[in-house]
Amino acid sequence: MFWTRLASGTVLVILFIGILWVGGWLTCWSMCLLSLIGVFELMRVYKLEKSALAILAYLATIVYYTMLFIGKTDLLMPVMISYLLLVLAVYVLAFPKFRDKDMMAAFLSFYYVSVCLSYVYRLRDIKDGGYFIILVFLCSWGNDTLAYATGRLIGKHKMSPILSPKKSIEGLIGGIVGAGILGVIFGIIFNANVHPIPNAPLWFGLVGMVGAIPAVIGDLAASAIKRNNDVKDYGKLIPGHGGVMDRFDSMIFTAPIIYYAILFVL
């Protein structure tokens, strides 16, 4: 199991680095594909993956990324509003086939997965985005690794005994502080090798700490949904890791926070 997880994780990291390095259309449509898989996995949790509501979520995801790709960002909100109206229309016209919770699942799937994951592409697409995208990994996977290490070393107080009994408050703090330290290091390297930004280590250190908090929330939220619906993993796409939602749960929330934090810093 360990070697399977390590091998698949290594391949995943290499693929992701390549996709983000190329940027442009490859990053956009790769994130669209990941979003479609994530929406499918989440809708499957609610046993709706083949329903009319799911089809709407898939189509909305493709339209949303198309608007991003062609630069029509002013149309993103109309797309989101139209999607909500269409979901409500299906809910009403097919009544009582779908329950209100089904409608809310469709609403959640699109906004939670597709819209939030799209910020990986949006961040990559800005000036120096190839460097800034590293912060997403530092805040999500870096935070997770450092939180685990801190928890194993000094963790005594349970953070969420029912939802995630292995996570500790000490691990939470260690992950956030660790992400901040990684941000400081990133700022020093960025100033030395890309272009100078006033107080870059301080700013990127704060970005790292702020970005680590939604990473924890994203991880716990994904776990809570699985527990509520008696699901072990969202999928089996990534051997040893599960599905897209299992591997990218923390990144889903981190990407938009980092995007707007970077815009603020710049």
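## Cysteines

The structure holds zero disulfides. C28 takes part in none, and the cysteine sulfur nearest to that of C28 belongs to C32, 6.8 Å away. A disulfide requires two cysteine sulfur atoms within 2.5 Å, so this pair does not qualify. C28 counts as buried, with a relative accessibility of 0%.

C139 is likewise without a partner, because the closest cysteine sulfur, in C116, is 15 Å from the sulfur of C139 and too far for a bond. C139 also counts as buried, at 0% relative accessibility.

## Confidence of the model

This is a predicted model. The mean pLDDT of the protein chain is 85, and 92% of the residues score at least 70.

Confidence varies along the chain. Among its elements, helix α3 (residues 52-69) has the highest mean pLDDT, 96, whereas helix α1 (residues 2-22) has the lowest, 69. The details of helix α1 should be read with that mean of 69 in mind.

## The second largest pocket

The second largest pocket holds about 370 Å³ of space. Twelve residues line this pocket, and those closest to its centre are I17, W21, G130, I133 and I134. Two elements, α1 and α6 (129-154), each give two or more residues to the lining.

Helix α6 provides the largest share of that lining, with six residues. By character, the lining consists of ten nonpolar residues, one polar residue and one charged residue. Helix α1, one of the contributing elements, is also the element with the lowest mean pLDDT.

## The loop between α5 and α6

D128 is placed in the loop between α5 and α6. Although D128 is not a glycine, its phi is positive, at about 65°.

D128 also forms a salt bridge with K127, in which the closest N and O atoms are 3.5 Å apart. Side chains of opposite charge can pair when their charged atoms come close. A search of the whole structure finds one salt bridge. K127 counts as exposed, with a relative accessibility of 64%.

## Backbone features in other loops

Two further loops hold backbone features of note. In the loop between α2 (24-45) and α3 lies K47. K47 has a positive phi of about 60° and is not a glycine. With a relative accessible area of 71%, K47 is exposed.

The loop between α4 (76-93) and α5 (100-124) contains P96. The peptide bond leading from F95 to P96 is cis, with omega near 10°.

Notes. Residues are numbered from 1 along each chain as its sequence is written. This is a predicted model: local features need pLDDT of at least 70, side-chain atom pairs count only at pLDDT 80 or more; totals for chains, interfaces and linings use all residues. Side-chain values use heavy atoms; hydrogens and water are left out. A salt bridge is a side-chain nitrogen of Lys or Arg within 4 Å of a carboxyl oxygen of Asp or Glu. Buried means under 20% relative accessible area, exposed over 50%, partly exposed in between (1.4 Å probe, protein chains only). pLDDT is the predictor's confidence in each residue, from 0 to 100. Helices (H or I, at least four residues) and strands (E, at least two) are DSSP runs, numbered from the N terminus. On a 1 Å grid over the protein atoms alone, a cavity is a set of points where a 1.4 Å probe fits but cannot get out, and a pocket is an open set with protein on both sides within 12 Å along at least five of seven lines; lining residues have an atom within 4 Å of a point. Grid points are joined across faces, edges and corners, and a volume is the space filled by probe spheres set on the points. Ala, Val, Leu, Ile, Met, Phe, Trp, Tyr, Cys and Pro count as nonpolar, Asp, Glu, Lys and Arg as charged, and the others, Gly among them, as polar.
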